[in-house]
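Reader: I've got a model open and I'd like to learn how to read it feature by feature. Can you walk me through it?

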Amino acid sequence: VQLQASGGGLVQAGGSLRLSCAASGRANSRLYISWFRRSSGRQRDFVARISYRGGDTKYADSVKGRFTISRDDSMNAVYLQMNSLKPEDTAVYFCAGARPTPDYFSYYRTEAPYDYWGQGTLVTVSS
């Protein structure tokens, strides 16, 4: 499975961006997909995740109410709609895929259970 993130860019505070994660390869439709982000010099932090059927979503507290994760399996894509962006949202955003093993549900907010990672897309929010 290969994941490719895109859609980053420069936006003013209060603006919006939509990130895309394109999946290719075998059996990608049964993956839980998450978005993580990394600010300079820090580890990757969990942002949001979506189940492989799209009915189960989770968000980090810092983005709840502003970001929305969704997926379109007909397009093999997962999206992250980011509204009301803040300068502290500036980061490289990564999409990651994992199979729903029992351990996944305990550790999905960490990098550990993810087998597949996209290359990252930079989001810069100016004040």
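Author: Sure. Let's start with a term we'll need: a residue is buried when its relative accessible area is under 20%, exposed when that area is over 50%, and partly exposed in between. Keep in mind that this is a predicted model.

Reader: Okay, let's try that on a cysteine. Is Cys21 buried or exposed?

Author: Cys21 has a relative accessibility of 2%, so it counts as buried. Cys95 is buried too, because its relative accessible area is 0%.

Reader: And what do Cys21 and Cys95 form?

Author: General idea first: a disulfide is a covalent bond between the sulfur atoms of two cysteines. Here Cys21 and Cys95 form one, with their sulfur atoms 2.2 Å apart. The pair ties together distant parts of the chain, since Cys21 lies in strand S3 and Cys95 in strand S9, 74 residues apart. The total count for the structure is one disulfide.

Reader: Why is the disulfide of Cys21 and Cys95 called right-handed?

Author: Look at the torsion about the S-S bond: for Cys21 and Cys95 it is about 75°, so the disulfide is right-handed.

Reader: Now the core. Which residues touch the most other members of the largest nonpolar core?

Author: A nonpolar core is a set of buried residues of certain kinds, joined through side-chain atoms within 4.5 Å. The largest one here has 36 residues, and those touching the most other members are Trp35, Val47, Phe67, Ile69, Leu80, Met82 and Tyr93. Several strands give two or more residues to this core, including S1 (2–6), S4 (32–38), S7 (67–72) and S11 (121–126). The largest share, five residues, comes from S9.

Reader: What is Tyr93 in contact with, leaving aside its neighbours within four places in sequence?

Author: Its contacts include Leu19, Trp35, Val47, Phe67, Leu80, Met82 and Val123. Arg37 is also among the contacts of Tyr93, and Arg37 stands opposite Tyr93 in S9.

Reader: That brings me to S4. Which strands does S4 run antiparallel to?

Author: For strand pairing, count the bridges. Seven of them join S4 to S9, and those two run antiparallel. S4 and S5 are antiparallel as well, joined by five bridges, with Ile33 opposite Ile50 in S5. S4 is mostly covered, too: six of its seven residues are buried.

Reader: How many residues lie between the strands in the hairpin of S4 and S5?

Author: Six, and one backbone angle there deserves a look: Gly41 takes a positive phi near 75°.

Reader: Last feature: how many salt bridges does a search of the whole structure find?

Author: Seven. To read one, check the N to O distance between the side chains, and then the accessibility of each partner. Arg42 and Asp45 form a salt bridge, with the closest N and O atoms 3.5 Å apart. Arg42 counts as exposed because its relative accessibility is 52%, while Asp45, at 24%, is partly exposed.

Reader: Is Arg71 buried or exposed?

Author: Arg71 is buried, with a relative accessible area of 17%. Its side chain meets that of Asp73 in a salt bridge, at 3.0 Å from N to O, and Asp73 is partly exposed at 36%. Another salt bridge joins Lys64 to Asp61, where the closest N and O atoms are 3.2 Å apart; Asp61 is exposed, at 67% relative accessibility.

Reader: And which residues are linked in a network of salt bridges?

Author: Arg37, Arg66 and Asp89. You've met Arg37 already, opposite Tyr93.

Terms used: Residues numbered from 1 in each chain as written. Predicted model: local features only at pLDDT ≥ 70, side-chain atom pairs only at ≥ 80, totals over all residues. Heavy atoms only, no water. Buried < 20%, exposed > 50% of the residue type's maximum accessible area, 1.4 Å probe, protein only. Helix = DSSP H or I, 4+ residues; strand = E, 2+ residues; numbered from the N terminus. Contact = heavy atoms within 4.5 Å. Disulfide = S-S within 2.5 Å. Salt bridge = Lys/Arg side-chain N within 4 Å of Asp/Glu carboxyl O. Pairing = 2+ DSSP bridges.
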